Each structure stands twice: as structure tokens, then as C-alpha cells.
Amino acid sequence: MIVKPRIRGFICTTAHPLGCAAGVQRQIDAVQAAGPIDAGLDNALVLGCSGGYGLASRIVAGAGCGANTLGVSLEKPPSEKRTASAGWYNNAAFDAAPLGPRAAAIDGDAFADATKAEVVDALKAGFGPIDLLVYSLASPVRLHPRTGVLHRSAIKPLGETLTMKSLNVNQGEVTQVALEPGSEEDTANTVAVMGGEDWEFWIDVLDQAGLLAPGFRTLAFTYLGSELTWPIYWDGTLGQAKADLDRAANAITERLAPIGGSARVASLKGVVTQASSAIPVVSLYMSLLFKVMKEQGVHEGPIEHIHRLFATQLAKGAGPRLDEAGRIRMDDVELSAEIQDEVKRRWSVVTTENLNEFGDLEGYQADFLKIFGFGFEGVDYDADVDPTLGRDIG
């Protein structure tokens, strides 16, 4: 099969197996070149391990900290006529990499009790208690394991209809979008999917199974963003879910007191992910942000950013950079006055005609395609490839 990108809206329906493998290897190489990190990790569990910040966390934990890693993600397997999801190929590439530590991935719905039980069994059989759990799920839906209700998140503003600048990434057009406000039901569903309840469920299950090591730490990733994106992000339904993560972090930390453990929400830099690409307004902001940060020599992709998180916030002797809510703030460079003042200036004047001058649409589009394994040097995208990677996929 010759695999090319097929874009539908903010989704690419194909993934390149060799391109995904190349992307994973480049991240491993970057972490190994940066040198080891002593974070006191023997075993790390990453929920949402197959892409973006979750994949980067697993790579840094394994290749940088020398930890055994167990990952969980829900993937679409390949067939002889159809590619797998990018995450399926990413997991296969990571687990096949000769890193030394034990590495395994479980394909399953992280919200489900059955998946939690499978993780418990895997840890007891081959890993032992974990030192770190990274909660990096980005699903738009959650089947609640207790009630059986299917919740669908709705990323909407609250209050009144919101009219803001946005970017049609595929057409390269700066537009105005009118976003209808979310209802109380929209907010409740978004909190159910993207809030902290499931994070708490995971801690409950692992604690009851005796699988949390002394001094255990857990992180949930969030994004606060700039005041330019607050109306659709922090001040909207999504912000209510993110606030619930803060609530859960405090509750989990209290629960972990007997073992000297802690839970933190880590606020990260904006990067291109499949999830972020679906949020109106954010794509234009990030296009401008990337251009400014690259011009000033401070831009980071997921692997560089997570490496800095582990090296400066989790390593032995590191003092975490906390805000008044107790979050670890890794968005310090993005939100610096020097960066934000310039982004705001460009936001006020950007149009379709001057987008290439003020923004980095080309870089944004390239980052999006790389999520699915396209655009890596050294990969022959005209070659015939086996989408199953030679595996018996049943």
C-alpha cells in the first residue's frame, strides 16, 4: 500500500507506519542526546501514551530516566487495506526500540474498569509498584464506568455568543467565527470527560492494589493559554473541566499523604495535537505564537518541552515552579510578557493576506501532518509499505 495523507476537517484518516516510527525514533534520539535525568523512577505508567505529550512523557521516562514504562491508549488496528491509527504505530515503534527498560502498551479504553484491571494485572506480573503516573488523556467521549452514561465533551464558550478570529488551516484563511454558548448540560458532560474524576478512579484502583510506591507522584496535563484564547478555553466549558483537575489534584494529594505522595496539575506550552486542532481560535493563536517563539529562539515541540519538565521539575533536587493553585507552570516562556505582547500585536492586525508574515501556518501544517507520520526526512512516501507491519492482526 502507498500511504498518503487524507485530511477530513481536523482529522487525518491515514497514518504512515514508517513515518510514525521515524517520528518516535527522532524523539528517542533527542532525549538520549540530552543525557540522563535522575528522577528516581523505576516504573512509570502513562495514560494516553500514544501521541503528543503522553508519548513524549513515555519516551523521556524510558529513554531519559531509565524507567520501565507501561502505556495505555485506545487505538485502531490496521488491516491489509487500511492503515492503523498513528498511535498504534507509535506504540509499536516505542515497544520495539532497544531502550533497555521493560516497555509494554495496553490497547484499551482508559476510562473502563476492565482496562484498569488489566493494568493492575500487568503491573503485578512484570513491573511492580509505580513511581509515576502521567494522566494525559484527550478523548472527546467517556463511557462512565459506574453509571453507563456516555458523555460527550462540548468545547464552547459560556454566557453569550462569542465572535472571534480563527484560522481555517486547510485553506489558510483568517476568518471570523460565531460560537454559540454551551449549556449546563454541555458543561457537565465536558467535566465528566475531561475533568479529574477518572484520574481519581485510577489512583483508587492502584492504591487498593498496593501498586503505588513510597513517594509516588502523579501528573495531569493541562493548558491555560493566553488571554487571547481564554474566551473559548479557560472561560468556557473546557475551563470548567480543567478547574476540576485542580480539585482532583488536591483530593489525590490528601489521599497519598500516608505514602508521602503528591498529585500535581502541570500547565504546558501550546503545541499542535489532534485535540487542539479541533478547538476554534486556538489554531490562529498557535500559528502566531510559533512564529514569535521561533524568531526569538525559544520554541519547543512536545519532546523538548517534556524533557524540560522532567529535568527541571521532577529530577532529584529540582524545585518545582508552582503557581498559587499549586500547578507546575511549564508555560512560563509562552506566557512571558515579551512573547505575549508581540503575539497580541500580531493578533490585532493579522489577516489572510499577511498571515505568512505574522504567523507560521506552514510550520503548523507540518506539525499536524507529523502527528500521523507524514513529512519526515528519510522516509520514502512513494514506497509500497505493509500497514500491518507484518503482524498477524486477526
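# A guided tour of the model

Begin with helices α6 and α7, whose crossing is right-handed (the near helix is turned clockwise from the far one by less than a right angle). The structure is a predicted model, in which local features need pLDDT of at least 70, side-chain atom pairs count only at pLDDT 80 or more, and totals for chains, interfaces and linings use all residues. Residues are numbered from 1 along each chain as its sequence is written, and side-chain values use heavy atoms, leaving out hydrogens and water.

**Helices α6, α7 and α4**

Select residues 197-208 for α6 and residues 237-256 for α7; helices (H or I, at least four residues) and strands (E, at least two) are DSSP runs, numbered from the N terminus. The axes of α6 and α7 are 9 Å apart, and the packing angle is about 15 degrees (axes are lines fitted to C-alpha atoms, for helices over the stretch in contact, with angles from 0 to 180 degrees between N-to-C directions). At this angle α6 and α7 are therefore roughly parallel (under 35 degrees; over 145 is roughly antiparallel, 65 to 115 roughly perpendicular, the rest oblique). On the α6 side, display E197, W199, E200, I203, D204, D207 and Q208; their partners in α7 are D244, L245, R247, A248, A249, A251, I252, R255 and L256. Contact here means heavy atoms within 4.5 Å.

Keep α6 in view and add α4, residues 113-126. The axes of α4 and α6 lie 10 Å apart, at an angle of about 40 degrees, and the two helices are therefore oblique to each other. The crossing of α4 and α6 is right-handed. To see where these helices meet, colour T115, K116, V119, V120 and L123 in α4, together with D198, F201, W202, V205 and L206 in α6.

**The seven-stranded sheet**

Now turn to the strands. In which order do the seven strands of the open sheet stand? The order is β5-β4-β3-β6-β11-β12-β13, with parallel pairing (two strands pair if DSSP finds at least two bridges between them). The edge strands are β5 and β13, each pairing on one side only.

Start from the β5 edge. Strand β5 (residues 103-107) is joined to β4 by five bridges, and G71 faces A105 of β5 across this pair. Adding α3 (86-96) to the selection shows that β4, α3 and β5 form a right-handed β-α-β unit; with the strands pointing away from the viewer, the path from the first strand over the helix to the second runs clockwise.

Move along to β6, residues 130-135, which is linked to β11 by five bridges. In this pair V134 is placed opposite L219 of β11. Strand β11 (residues 212-222) is in turn connected to β12 (residues 262-267) by six parallel bridges. Here T222 stands across from S267 in β12. From β11 to β12 the chain passes through α7, in a right-handed β-α-β crossover. Finish at the other edge with β13 (residues 328-329), which has two bridges to β12; the residue opposite I328 of β13 is A266.

With the sheet displayed, bring back two helices. Helix α4 lies across β3 (43-47), β4, β5 and β6, and runs at about 165 degrees to β4. Helix α7 lies across β11 and β12, at about 155 degrees to β12.

**A hairpin**

Select β9 (residues 162-168), in which five of seven residues are buried, so the strand is largely enclosed by the rest of the structure. Strand β10 (residues 173-179) pairs with β9 in the antiparallel sense over seven bridges, and K165 is opposite Q176 of β10. Four residues separate the strands of this hairpin, where G172 adopts a positive phi near 65 degrees.

**Two single residues**

Is S85 buried or exposed? It is found in the loop between β4 (68-73) and α3, and its relative accessibility of 18% makes it buried (under 20%; exposed is over 50%, partly exposed in between, with a 1.4 Å probe and protein chains only). Beyond residues up to four places away in sequence, S85 touches A15, E75 and K76.

End the tour at A34, in helix α1 (residues 17-34). A34 has a relative accessible area of 47% and is partly exposed. Add E304 to the selection: its C-alpha atom is 9.7 Å from that of A34, although the two residues are 270 residues apart along the chain.
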